[in-house]
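Here are my notes on the model you sent, set out as numbered points. Please read them with the structure open.

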Amino acid sequence: MTQNEHNTDAAWHNAKMDFSKDMSYGDYLGLNEILNAQHPRSPNHNEMLFIVQHQTSELWIKLMLHELHAVRAQLRLGDLPPAFKMLSRVARIMDQLVHAWDVLATMTPSEYTAIRPYLGHSSGFQSHQYRELEFLLGNKNEKLVSLHASQPALHSLLIDALNAPSIYDEAIMLLARGGFQIDAQRLNQDWSQNITANESVKLAWLSIYQAPEKYWSYYELAEKLVDLETAFRNWRFRHVTTVERIIGFKSGTGGTAGVSYLRKMLDVVLFPELFALRTDL
């Protein structure tokens, strides 16, 4: 192809070709930094999969945190429609992460064994973003904040997240402002503690489910939260099954009991009253 033909073809597609003075796609997305952030430590071909899997997961978690912080702010304002949209988005991100485990599951036990010595004690258990995500969803654990004591900025961020109301706490306070009778103890609890089931909260949600046409916004909020927790449970379950498929019941690189630890996490219920009330309907 001659230069004239090349120029004509480019013009026909109406494509801009010179970015010497303008921002390009790669500039906008910071692709040089992102695509050069993979540094395999082993000589094994499969380590690139392991790195990209976890880096992309962290990017998705970053987006979930962005959305959930906004959800909490909207709940405080009582502005529910934007919160509904963002809660749906977070649930779909979790669905995306469920399918991401399908890719990692193509790594066989022998392939993982080849790269494991190069991981040291690094582990997803140490993800500060995942810890903040759990805190935002109400699964609080003060002991785990100490994992980040060597990084003061992250440690401070997680302390703040630990002591702030979760999105479910904000939803319950919203019900109280809407006239539902919620125990004062529940409304003034220590936010650093795990959510525990409360009968007054259950009765409030139950009355909403019994008259959805009267309380439609609260009813929709409840279902968005149930969708979110369901997606989160699916994500956790797929994590467990993938880890068991690849490493069996070996301990994790970060020192946890591996699959045994992850299975215990499947028993965590984030929004207990929303699931318990279904038996009473």
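1. How many of the ten residues of α7 are buried? Nine of the ten are, so the helix counts as mostly covered, buried being under 20% relative accessible area. Please keep in mind throughout that this is a predicted model.

2. The buried residues of α7 are Gln 129, Tyr 130, Arg 131, Glu 132, Leu 133, Glu 134, Phe 135, Leu 136 and Leu 137. They pack against α4, α5 (80–104), α8 (152–162), α9 and α12. Just after α7 comes Gly 138, with a positive phi of about 105 degrees.

3. On the overall fold, the chain has 14 helices and zero strands. Of its 281 residues, 43% count as buried. The C-alpha atoms fill a box of roughly 75 × 50 × 35 Å along the principal axes. Among contacts with a separation of 6 or more, residues 24 or more positions apart account for 70%.

4. Next, the aromatic residues. The count comes to nine aromatic pairs. In one of them, the ring centres of Tyr 130 and Trp 235 are 5.7 Å apart and the planes stand at 80 degrees, so this pair is edge-to-face. Tyr 130 belongs to helix α7 (residues 128–137) and Trp 235 to helix α12 (residues 216–247), so the pair ties together parts that are 105 residues apart in sequence. Trp 235 is buried, at a relative accessible area of 8%. Ring pairs also bring in Phe 232, which joins Tyr 130 and Trp 235 in a cluster.

5. A further pair is formed by Phe 180 and Tyr 215; it is tilted, with 5.1 Å from centre to centre and 55 degrees between the planes. This pair links distant parts of the chain, 35 residues apart. Phe 180 sits in the loop between α9 (167–177) and α10 (184–187), and Tyr 215 in the loop between α11 (199–210) and α12. Why is Phe 180 classed as buried and Tyr 215 as partly exposed? Phe 180 has a relative accessible area of 11%, whereas Tyr 215 has 21%. The cut-off for buried is under 20%, so the two residues fall on opposite sides of it.

6. Two arginines sit over rings. The charged end of Arg 131 is over the ring of Phe 125, 5.1 Å from its centre. Arg 131 is also one of the buried residues of α7. Arg 278 lies over the face of Phe 275, at 5.9 Å from the ring centre.

7. Where is Phe 271 found? It is in the loop between α13 (259–265) and α14 (272–276). Although it is a loop residue, Phe 271 counts as buried, at 0% relative accessibility. Leaving aside neighbours within four places in sequence, Phe 271 is in contact with Leu 137, Tyr 168, Leu 225, Leu 228 and Glu 229. Of these contacts, Leu 137 is among the buried residues of α7.

8. Val 240 lies in helix α12 and is buried, with a relative accessible area of 4%. Not counting residues up to four places away in sequence, Val 240 touches Val 259, Leu 262, Arg 263 and Leu 266. Val 240 and Leu 262 are 22 residues apart in sequence, and their C-alpha atoms are 5.9 Å apart in space.

9. His 39 offers a contrast in accessibility. This residue is found in the loop between α3 and α4 and counts as exposed, at 55% relative accessibility. The C-alpha atoms of His 39 and Arg 89 are separated by 31 Å, with their positions 50 residues apart along the chain.

10. Which residues line the second largest pocket? They are Leu 31, Glu 33, Ile 34, Leu 35, Ala 37, Gln 38, Val 52, Gln 55, Thr 56 and Leu 59. The elements giving two or more residues to this lining are α3 (31–35) and α4 (47–77). By class, the lining has six nonpolar, three polar and one charged residues. The space in the second largest pocket is about 200 Å³.

Notes: Residues numbered from 1 in each chain as written. Predicted model: local features only at pLDDT ≥ 70, side-chain atom pairs only at ≥ 80, totals over all residues. Heavy atoms only, no water. 1 Å grid on protein atoms, 1.4 Å probe; cavity = no way out; pocket = protein on both sides within 12 Å on 5 of 7 lines; lining within 4 Å. Points joined across faces, edges and corners; volume = space filled by probe spheres on them. Helix = DSSP H or I, 4+ residues; strand = E, 2+ residues; numbered from the N terminus. Nonpolar A, V, L, I, M, F, W, Y, C, P; charged D, E, K, R; others polar. Phe/Tyr/Trp six-rings, centres within 6.5 Å; stacked < 30°, edge-to-face > 60°. Buried < 20%, exposed > 50% of the residue type's maximum accessible area, 1.4 Å probe, protein only. Lys NZ or Arg CZ within 6 Å of the ring centre and 35° of its normal. Contact = heavy atoms within 4.5 Å.
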